[in-house]
Amino acid sequence: METVSENACFGGTQGVYTHASDACDCDMTFGLFLPEEAKSGPVPVLWYLSGLTCTHENAMVKAGAQLWAAEQGIALCFPDTSPRGEGVADDDAYDLGQGAGFYVNATQDPWKPHFQMWRYVAEELPQLLMKEFPLDEERQAITGHSMGGHGALTLAMGLPGRFRSVSAFSPIVNPTQSDWGRKQFTAYLGEDESTWAKHDATVLMKETGFDGPILTDTGTKDQFIDLLMPESFAAACAARRQEATLRMQPGYDHSYFFVSTFMEDHVAFHAEALYA
């Protein structure tokens, strides 16, 4: 692991680091904010998964999360959204290839050699972070935006007991029924739709649910709302009687202006679970 940068930030440190990833077979970059409390011992960690076209940097710079995390004594991890670099498969479309990993393990060529984002976020990166930084493995939570909201919800339900809480901003919640999902799942996972189900938050909610609190926010003027399909996830939560707060925010769109507006709410929501 190599340090790209470290900056003082709200009493703590915002760092950017690179490392050779076995899962993705390339160098990967991530951001990590450590609050001041980390100088004295392990702190809880909130994972933030970003959306289409993003890198580790978008939320790290635009979401305004560090202020609220510093107040709560929580670390923030900002992984990248896909493998990158020379020799890594890509596509001319913005919603496939580099910047669009969809947090799955690809089984199809040309994506299979590098696009192992589920394994990277669920296994490799957590192991590295717990080894190298003062983080409390028993106190983890996860959030994300758009494609990252999809990843947060599916990882939370797909890894029982890992995360104490999950939230999402404008999540893609029914990708098996959306053009933001069917296209990518066909490319990465193949034509057999039975392999897609474990990466669909609405299907997972119907089948397993989540053992903890859920919070989602979606703007009523989100320009991609028909692709997000929040009504599908709401119906699945209601049918399961899942503990969940699913909010529609009047007038807000899909941008980081929206994300930063409600970031304080989300960090406070996770802090309550992490310190319970």
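Here are a few short exercises on cysteines and salt bridges in this predicted model, each with a worked solution.

**Exercise 1. Cysteine pairing**

Work out how many disulfides the whole structure holds, and why Cys-24 does or does not take part in one.

Solution.
- Step 1: Recall that a disulfide is a covalent bond joining the sulfur atoms of two cysteines.
- Step 2: Set the cut-off, which asks for two cysteine sulfur atoms within 2.5 Å.
- Step 3: Start from Cys-24 and look for the closest cysteine sulfur; it belongs to Cys-26, at 5.3 Å, which is too far for a bond.
- Step 4: Turn the search around. For Cys-26 the closest cysteine sulfur is that of Cys-24, again too far for a bond at 5.3 Å.
- Step 5: Close with the total: searching the whole structure gives zero disulfides.

**Exercise 2. Surroundings of the two cysteines**

Decide whether Cys-24 is buried or exposed, and do likewise for Cys-26.

Solution.
- Step 1: Use the cut-off for buried, under 20% relative accessible area.
- Step 2: Cys-24 has a relative accessible area of 0%, so this residue is buried.
- Step 3: Cys-26 has 12%, so Cys-26 is buried as well.

**Exercise 3. A salt bridge and its partners**

Find the residue with which Arg-84 forms a salt bridge, then classify the accessibility of both partners.

Solution.
- Step 1: Side chains of opposite charge can pair when their charged atoms come close.
- Step 2: The partner of Arg-84 is Asp-80, with 2.7 Å between the closest N and O atoms.
- Step 3: Arg-84 is partly exposed at 26% relative accessible area, whereas Asp-80 is buried at 4%.
- Step 4: For the wider picture, the model has a count of six salt bridges.

**Exercise 4. Linking parts of the chain**

Explain which parts of the chain the salt bridge between Lys-183 and Asp-95 ties together.

Solution.
- Step 1: Check the contact: the side chains of Lys-183 and Asp-95 meet at 2.7 Å, N to O.
- Step 2: Place the residues. Lys-183 sits in helix α5 (residues 179-189) and Asp-95 in the loop between β5 (75-79) and α3 (117-132), so the pair ties together parts 88 residues apart in sequence.
- Step 3: Add accessibility: Lys-183 is partly exposed at 36%, while Asp-95 is buried at 8%.

**Exercise 5. From a pair to a network**

Start from the salt bridge of Asp-265 with Arg-247 and find which residues are joined into one network.

Solution.
- Step 1: The closest N and O atoms of Asp-265 and Arg-247 are 3.0 Å apart.
- Step 2: Asp-265 lies in helix α9 (residues 256-274) and Arg-247 in strand β9 (residues 244-249), so this pair connects parts 18 residues apart in sequence.
- Step 3: Shared partners join Asp-217, Arg-247 and Asp-265 into one network of salt bridges.

Technical notes
Residues are numbered from 1 along each chain as its sequence is written. This is a predicted model: local features need pLDDT of at least 70, side-chain atom pairs count only at pLDDT 80 or more; totals for chains, interfaces and linings use all residues. Side-chain values use heavy atoms; hydrogens and water are left out. Buried means under 20% relative accessible area, exposed over 50%, partly exposed in between (1.4 Å probe, protein chains only). A salt bridge is a side-chain nitrogen of Lys or Arg within 4 Å of a carboxyl oxygen of Asp or Glu. Helices (H or I, at least four residues) and strands (E, at least two) are DSSP runs, numbered from the N terminus.
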